[in-house]
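Biologist: Could you walk me through this model and tell me what stands behind the words you use for it?

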Amino acid sequence: SKSSYKWRRVLLKVSGEALAGDHLQNIDPKVTMSIAREVAAVTRLGIEVAIVVGGGNIFRGSSWAGSSGLDRSSADYIGMLATVMNAIFLQATMESIGIPTRVQTAFRMSEVAEPYIRRRAVRHLEKGRVVIFAAGTGNPFFTTDTAAALRCAEINAEVVLKATNVDGVYDDDPKSNPNARLLDTLTYHEVTSKDLSVMDMTAITLCQENNIPVVVFNLGEPGNISKAIKGERVGTLIGG
Ligand code: UDP
């Protein structure tokens, strides 16, 4: 489908933390509903949307492995399962407002969701379905940011849109430095050399090697998700 927007196919990364909102449980239904509504609006414009969900609102492997003596791989598999919970919640929310949505998992859970099959994912997108990629990359020691970069490259999406709880990337920590400035644009090199905590190194270098731009933006700001998907200026753009 032709559209007059900047992107034709996007990869939206939603972190677990963003999904938590201010709800006492791990997932805030207000947040998932606002994501669903904004995604619905842009799919109607003909923009194809794939989503990678995080799991940090439920379980983060690295912090458990450090504090409990649990081995890292086991902890990471639990973390990957957490992303599947988020994915199913988000899918149910999207389908409740009529958006056809498929979940594909990086390891098989065939009673629950489709396995990840690249060509099938692309076919779903072409048919106007939203595809949610769950279970990260399927490998321990990776993150869902890396899964976002990987899936983006695989399905030939044009950009990773990283929805977070902050307005974008700052030149310093805005919590400790009130004069920290929000940056409009950044190069990959600036991110890696200044060790700006945008994404882990594996994720950002994968984007760099494949010339995938990354937009970091605040999902809490109403309208931001659809703005980001439509290619309007929002947050911080990393590229070049
Ligand atoms: N994880 C993993 N491999 C992956 C993606 C995720 O092992 O490819 C595990 C890891 O333990 C991670 C957890 O799943 O801490 C949740 O993912 P992540 O921390 O990336 O979620 P987010 O920060 O986006 O909420």
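Modeller: Gladly! The shell around the ligand divides into six nonpolar, 15 polar and four charged residues. Ala, Val, Leu, Ile, Met, Phe, Trp, Tyr, Cys and Pro count as nonpolar, Asp, Glu, Lys and Arg as charged, and the others, Gly among them, as polar. This is a predicted model, where local features need pLDDT of at least 70, side-chain atom pairs count only at pLDDT 80 or more, and totals for chains, interfaces and linings use all residues. Residues are numbered from 1 along each chain as its sequence is written.

Biologist: What makes a residue part of the shell around the ligand?

Modeller: Its C-beta atom, placed from the backbone, lies within 6 Å of the molecule. Here 25 residues surround the ligand, and among the closest are Gly-54 and Gly-136. Helix α4 (72–96) is one of the elements giving two or more residues; its share of six is the largest. Helices are DSSP runs (H or I, at least four residues), numbered from the N terminus.

Biologist: Why are the buried residues of helix α8 said to be on the same side?

Modeller: The buried residues of α8 (201–209) are Ala-203, Ile-204, Leu-206 and Cys-207. They cover an arc of only 160° around the axis, so they lie on the same side of α8. That arc is taken over the directions from the helix axis to the C-beta atoms.

Biologist: And what makes a residue buried or exposed?

Modeller: Buried means 20 or more other C-beta atoms, placed from the backbone, within 10 Å of its own; exposed means 12 or fewer, and partly exposed is in between. On the other side of α8, Met-201 and Glu-209 are exposed.
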